[in-house]
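Grab a pencil and have a look at the model below. The exercises that follow each come with a solution, so try the task before you read on.

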2 protein chains.
Amino acid sequence: MGIVGAGQLARMSQPPAIALGVELRVLANSPDESAARVIVDTRIGNYRDLSDLQQFAEGCDVVTFDHEHVPTEHIRALTAAGHAVRPGADALVHAQDKAVMRERLTAIGVPCPAWARTPSAEDAERFAGEHGWPVVLKSVRGGYDGRGVWVCRTPDDIAEAFATGVELMAESFVPFERELAVLVARSPHGQGVSYPVVETVQENGICVEVLAPAPDLDPELAAQAQAIALKIADELGVTGLLAVEMFQTADGIVVNELAMRPHNSGHWTIEGAVTSQFEQHLRAVLDMPLGSPQLTAPVVVMVNLLGGDDPDLFKRYEHVLAHDPGIKLHFYGKEVRPGRKIGHVTALGTDLDEVRARARHAAVHLVTGEYT
Amino acid sequence: MGIVGAGQLARMSQPPAIALGVELRVLANSPDESAARVIVDTRIGNYRDLSDLQQFAEGCDVVTFDHEHVPTEHIRALTAAGHAVRPGADALVHAQDKAVMRERLTAIGVPCPAWARTPSAEDAERFAGEHGWPVVLKSVRGGYDGRGVWVCRTPDDIAEAFATGVELMAESFVPFERELAVLVARSPHGQGVSYPVVETVQENGICVEVLAPAPDLDPELAAQAQAIALKIADELGVTGLLAVEMFQTADGIVVNELAMRPHNSGHWTIEGAVTSQFEQHLRAVLDMPLGSPQLTAPVVVMVNLLGGDDPDLFKRYEHVLAHDPGIKLHFYGKEVRPGRKIGHVTALGTDLDEVRARARHAAVHLVTGEYT
């Protein structure tokens with residue numbers, strides 16, 4: 001099985017691949033990348049170069065992705081050449097192009113914010129006039145982790161976003177109570193499963209913490225959120241994982257973003273679910289029966305490790321592991337840079353406050369050396 | 001971290017190494033071996049050749065083992081050359097030489113069967129005369145999985161065992177009720193942890209099934225078994241894992257065998273314990289604080305996959321995974337040969353009969369295609 005891209009998502013696919021006897025191949029930019037360090041069959045190449053992609057796909061039973069940046073036309077070319085690519089281009093484009101995604105979700109009746117394509121700053125100002133300020137501008141392609149999103153409160157803010165020169169669309173600002181995420185898997189056969197709805201906590205547009213299941217969520221709303229995610233997977237013909245980021249508002253659920261791969265909001269599943277998202281993605285893209293998404297503990301909390309000023313985290317391992325023999329650490333084999341996702345920690349238990357405190361303690365201490 | 005040997009134990013060490021950010025190197029006989037398929041830094045060499053071992057150890061922070069067949073004098077030479085080898089030669093010899101092991105366990109007061117070094121068939125017959133028939137002859141070095149063990153009921157049986165020419169010792173036959181195993185870890189600092197006592201079910205000297213925790217075990221006897229294992233680890237100066245195979249008899253516990261590495265009786269810990277034996281071994285040999293050995297479910301059953309007549313197990317994946325979305329499969333990337341350990345399956349739950357039936361169903365179907 002080939003994975004285009006060699007970041008932490010490909011890296012974390014190796015453990016379940018080892019268990020299932022699936023041999024992975026990754027396309028990396030360099031042999032130092034996160035997944036290249038742990039996968040024997042690493043090919044070096046450029047995911048924007050069709051001939052590199054073609055050479056990479058040769059001999060793979062199926063090709064999937066670590067990220068969404070492979071040009072859609074290249075994916076179509078691989079498929080035309082007879083390669084099994086999952087998710088396929090027709091599905092993946094909805095995770096690559098936010099305007100295409102909004103068009104489609106609106107067409108199938110999924111709740112979205114008001115939105116419009118806004119080729120010019122004037123279009124965006126007109127949109128704000130109709131739907132009210134602030135207005136959210138998003139780059140149609142290529143944004144992630146808060147990059148490519150501008151919350152504009154004035155025409156000057158709009159002008160600033162347009163000064164970047166990237167293609168922008170507008171969405172009305174959603175006054176949300178909290179952010180939720182639903183991870184579902186769908187196989188080519190059409191089997192689907194949904195993990196429990198989780199709450200995601202973001203800072204500066206980056207996910208810092210995930211609480212599974214989402215605390216105190218009305219079971220009806222949870223079922224509705226899962227139904228929306230499964231419907232999107234089915235309507236879009238997703239094969240593999242689909243992460244649906246949502247806003248919970250006073251009026252219900254509004255869909256924010258889509259990702260078609262293992263997702264940061266699902267890292268808790270490695271220990272916290274019977275089948276991890278990484279195993280589930282392998283099973284889905286290989287068209288094997290899907291695994292149970294059941295929780296292994298009543299409460300699971302995942303906290304991201306975002307690089308701080310000190311590049312050497314290893315020296316603080318001892319305290320963290322000695323302090324909490326149940327804490328689970330995950331490192332991505334990446335050099336520490338401020339703000340970069342370099343790993344995550346997971347804690348499991350029965351009491352949310354206690355489990356959250358354990359996960360935060362480990363994460364804060366590892367990055368800063370401080371005690372919380 | 002270097003692992004001498006590239007079998008399934010080294011292979012299953014790669015997932016926790018990936019999580020903890022520990023880079024593994026293995027010494028393999030060939031690039032097709034189980035662990036060599038999944039570990040980037042694979043060196044090809046002969047574990048009986050000191051210069052291969054020296055070259056392998058160069059640059060490793062610590063060296064450990066996938067098996068116990070490295071000559072003791074080579075381990076001493078590596079240590080003398082300044083390499084950290086864990087477990088060390090003085091501990092490991094007790095897992096390599098059964099007579100040395102019996103001498104030491106007897107000296108520290110651990111319950112053993114009656115035993116004697118028996119250089120000749122006459123010595124063995126004299127032993128049988130003193131301790132009664134049957135008598136168990138064991139090769140002092142190199143036996144495993146039932147190989148190197150002869151249960152002798154007559155002098156002819158003894159003569160047959162001695163005809164092999166290997167060095168033999170005698171033990172009295174233990175009329176046991178069942179077999180138990182205790183897995184403990186000890187770090188160079190001297191921290192120790194014990195996993196719950198498990199029951200192991202053997203057929204033809206090969207472990208086929210492990211039940212965790214051992215069903216209906218008297219808590220006092222369980223505590224006694226754990227205390228024995230921790231005492232052995234401490235007295236022998238073990239660093240890393242120690243598996244102690246035991247007989248439960250009407251009169252209590254008798255120690256059967258020792259292994260100083262991750263062990264088949266601990267494969268259930270991958271999903272069934274907060275810290276898997278593979279993660280625990282890494283933590284112990286790296287002198288990091290040890291992890292929690294707590295169960296993640298009330299009942300865990302592991303069944304070995306022993307190769308049958310059909311080399312292609314993959315085609316039966318679908319039924320097994322579809323039948324039981326909670327079953328966990330592990331394949332070792334080995335060619336199927338009749339009787340060879342090629343993988344294992346693990347089931348978790350609350351009811352022993354149900355969990356055992358699930359694990360057996362998966363294992364039997366994968367190997368034979370039959371439905372149980």
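## Exercise 1: Where the two chains meet

Across the interface of chain A and chain B, 4 salt bridges turn up. Keep in mind that this is a predicted model.

**Task.** Find out which residue of chain B meets E23(A) in a salt bridge, and at what distance.

**Solution.**
- Step 1: Recall the cut-off: a side-chain nitrogen of Lys or Arg has to lie within 4 Å of a carboxyl oxygen of Asp or Glu.
- Step 2: Look across from E23(A), and you'll land on the side chain of R37(B), at 2.8 Å from N to O.
- Step 3: Now widen the view to polar contacts: 16 residue pairs are counted between chain A and chain B.
- Step 4: Ask which elements chain A brings along. α2 (14-20), α11 (277-285), α12 (317-323) and β16 (328-331) of chain A each give at least two residues to the side that touches chain B. The top supplier is α2(A), with 5 residues.

## Exercise 2: Sizing up the contact

**Task.** Work out how much area chain A and chain B bury between them, and which residues of chain A lose the most.

**Solution.**
- Step 1: Count who takes part: 35 residues come from chain A and 35 residues from chain B.
- Step 2: Read the area: the two chains bury about 2,900 Å², and 58% of that is on carbon and sulfur atoms.
- Step 3: Pick out the residues of chain A that lose the most area to chain B: I18(A), V40(A) and L321(A), which together make up 19% of what that side buries.

## Exercise 3: Laying one copy on the other

**Task.** Describe the move that lays chain A on chain B.

**Solution.**
- Step 1: Turn chain A by 180 degrees, with a shift of 0.0 Å along the axis; the RMSD comes out at 0.0 Å.
- Step 2: Name the relation: this is a two-fold axis.
- Step 3: Check the surfaces: 100% of the contact residues of chain A recur in chain B, and the same surface serves both copies.

## Exercise 4: An open sheet

**Task.** Give the strand order of the open sheet in chain A and say which strands stand at its edges.

**Solution.**
- Step 1: Follow the 4 strands: the order is β5-β8-β6-β7 (chain A), with antiparallel pairing.
- Step 2: Spot the edges. β5 (115-117) and β7 (149-152) of chain A each have a single partner strand, so one side of each has no neighbour in the sheet.
- Step 3: Zoom in on one pair: 3 bridges join β5(A) to β8 (residues 168-172) of chain A, and W115(A) stands opposite E171(A) in β8(A).
- Step 4: Add the helix: α7 (residues 121-131) of chain A packs on the sheet and touches β5, β6 (135-139) and β8 of chain A. The direction of α7 makes about 10 degrees with that of β8(A).

Methods:
Residues are numbered from 1 along each chain as its sequence is written. Chains are lettered from A and ligands numbered from 1 in the order in which they are written. This is a predicted model: local features need pLDDT of at least 70, side-chain atom pairs count only at pLDDT 80 or more; totals for chains, interfaces and linings use all residues. Side-chain values use heavy atoms; hydrogens and water are left out. Two strands pair if DSSP finds at least two bridges between them. Contact means heavy atoms within 4.5 Å. Axes are lines fitted to C-alpha atoms, for helices over the stretch in contact, and angles run from 0 to 180 degrees between N-to-C directions. Copies are superposed by least squares on the C-alpha atoms of residues with pLDDT of at least 70 in both. Buried area is the accessible area (1.4 Å probe) that two parts lose on being put together, summed over both. A polar contact is a pair of N or O atoms within 3.5 Å; within protein, one must be able to donate a hydrogen and the other to accept it, and residues adjacent in sequence count only if both atoms are side-chain atoms.
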